[in-house]
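Reader: I should be grateful for a close examination of one part of this structure, with its surroundings described in a connected account.

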Amino acid sequence: MQLLVIGLNHKTAPVAMREQLAFAAEDLPIALDSLKVITQGAVILSTCNRTEIYALAPEGQALTSTMSQVIEWLAAFKNTPMQKIAPHLYQYQNNHALLHWVRVASGLDSMILGEPQILGQIKQAVRQSRAKEAISSKLSWVIQQVFAAAKQVRNETRVGSQAVSLGFAAAKLVTQIFQKPSNNTLLVVAAGEMNRLVATNIAGLGVGKVIICNRSLKRAALLASELETIVPQIEITPLDQLPSVLPQADIVTSCSGSLYTLIDKTMVKQALKQRRHQPMLMIDLAVPRDIDPTVSELDDVYLYSIDDLQHVIAGNLEQRRQAAVEAELLVSQIVVAIERKYLVRQVGQDIQQYREQAKHHADMILSQSLQQLADGHAAEAVLTELTRKLTQTLTHAPSKLLRETASEQPVETVNFVAQQLTHAFRKDKCPYLTHNNTLLDDEPASPSFDNQ
């Protein structure tokens, strides 16, 4: 297959090394242009947890040679000594490279097992490579198989079906309680990092409005700028206005770091009254808690603490680990199937080349025969000689193959090849003859990488 993977990730390299070898968006066009010179197509995946290069070695070049060139190129491009990079790199080739790529795309090699973002990041990396015309037809075919494999793993196992991050878990709760998030308002109490991550996940569901309630309006504005591309309406309000905006909120997520309760039972009662007891989902991420625990006693309120979410995540993570066992087995089976499909396509190219060579020789012999007829030679003698030469020409390669198979391969392989060759011209096997022994048109060659 001539496929190679060279990279490093959160398992093999510290943050400093990952930062050093990461590719900024402005670096990628230059990097892909230079990789086209030494590969037959390449994709560069660069995220906070990994930098990987997927590539095909050029036709006729040893895969190990291309791998060495790519590593040398990476060190030079990043202006980092080879001996500093080498201990952190992993290198895979052919089926091991394909297996690794499918595992990465399926989320089986991620820091958070089964996370779905990595597949989108790979697709973005592929789009960038296509934009620079850095993907050959062969590599394009491999990429299609990787994407299809990742989709199959997602559909047939539960490796990515359970929430294993606070943001993802909170978003799952929203979808369980509210059917149309676009009709709902999210109230974000405090704009710290944890609340930002959770709010971003919930806003990504398509909520209609977000209210950011924070002591610092400047910090609230920073969060608003992150959400403005995915939320149609955003409002910023001071923290002391919390009681007045609470009745608008269908979803509340709070993480202030305050030593005192921000939302008490009385405040929520009043909010419910104004809301005519429409349900509220309240997520308290703070320690000490921002929301009075007795709020959970009220009808129409669903209150979850950070401990509640952590328990959900722990259980889901265990389910993902169990599902990962099944997913790993499925990935192995898929990779074997992809390799077989690749061989079929590769054979298609070999068949096409063989036929072109055979036609060239046949045309030469035919030209000689036509010249003999033009010179007045007897037609029967010319046709007899034409048949003899064609037979010798077309049977030479199969005969040579059979002799080489007999000297190098197991007896079972020899018998199989011999049977296929000797039975090739049976009437029920030969595609060129009808039951009247008349010739049919040539059968099409197997699909290749260039005629997908």
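In which helix does L366 lie? Please start there and proceed to whatever else that helix contributes to.

Author: The model under discussion is predicted. L366 lies in helix α13. Its relative accessibility is 39%, and because buried requires a value under 20% and exposed one over 50%, L366 counts as partly exposed. Together with L370 and L373, L366 makes a nonpolar surface patch of about 250 Å².

Helix α13, which spans 306-374, also takes part in the interior. The largest nonpolar core has 38 residues, and α13 provides its largest share, 9 residues. At least two residues of this core also come from each of the strands β1 (3-9), β2 (42-46) and β3 (50-56) and from each of the helices α5 (95-105), α6 (117-131) and α7 (137-156). Within the core, the members that touch the most others are L3, V43, L98, W101, I122, L139 and V159.

V159 merits particular attention. Leaving aside residues up to four places away in sequence, V159 touches R320, A323, A324 and A327, among others. Its further contacts include S106, L108, L113, G114 and V153. Apart from this core lies another, of 29 residues, which includes A199, V207, V210 and L223. As a general matter, nonpolar side chains in soluble globular proteins tend to be buried together.

The domain assignment places 3-163 and 323-334 in domain 1, and 166-313 in domain 2. Between the C-alpha centres of domain 1 and domain 2 the distance is 38 Å.

Conventions. Residues are numbered from 1 along each chain as its sequence is written. This is a predicted model: local features need pLDDT of at least 70, side-chain atom pairs count only at pLDDT 80 or more; totals for chains, interfaces and linings use all residues. Side-chain values use heavy atoms; hydrogens and water are left out. A nonpolar core is a set of buried Ala, Val, Leu, Ile, Met, Phe, Trp, Tyr and Cys residues joined through side-chain atoms within 4.5 Å. Buried means under 20% relative accessible area, exposed over 50%, partly exposed in between (1.4 Å probe, protein chains only). Helices (H or I, at least four residues) and strands (E, at least two) are DSSP runs, numbered from the N terminus. Contact means heavy atoms within 4.5 Å. Domain bounds come from an automatic or database domain assignment. Patches are made of residues with over 30% relative accessible area and no salt bridge: like charges are joined within 9 Å, nonpolar side chains (Val, Leu, Ile, Met, Phe, Trp, Tyr) within 5 Å. Accessible areas come from the Shrake-Rupley method with a 1.4 Å probe; for residues, only the protein chains shown count as cover. A salt bridge is a side-chain nitrogen of Lys or Arg within 4 Å of a carboxyl oxygen of Asp or Glu.
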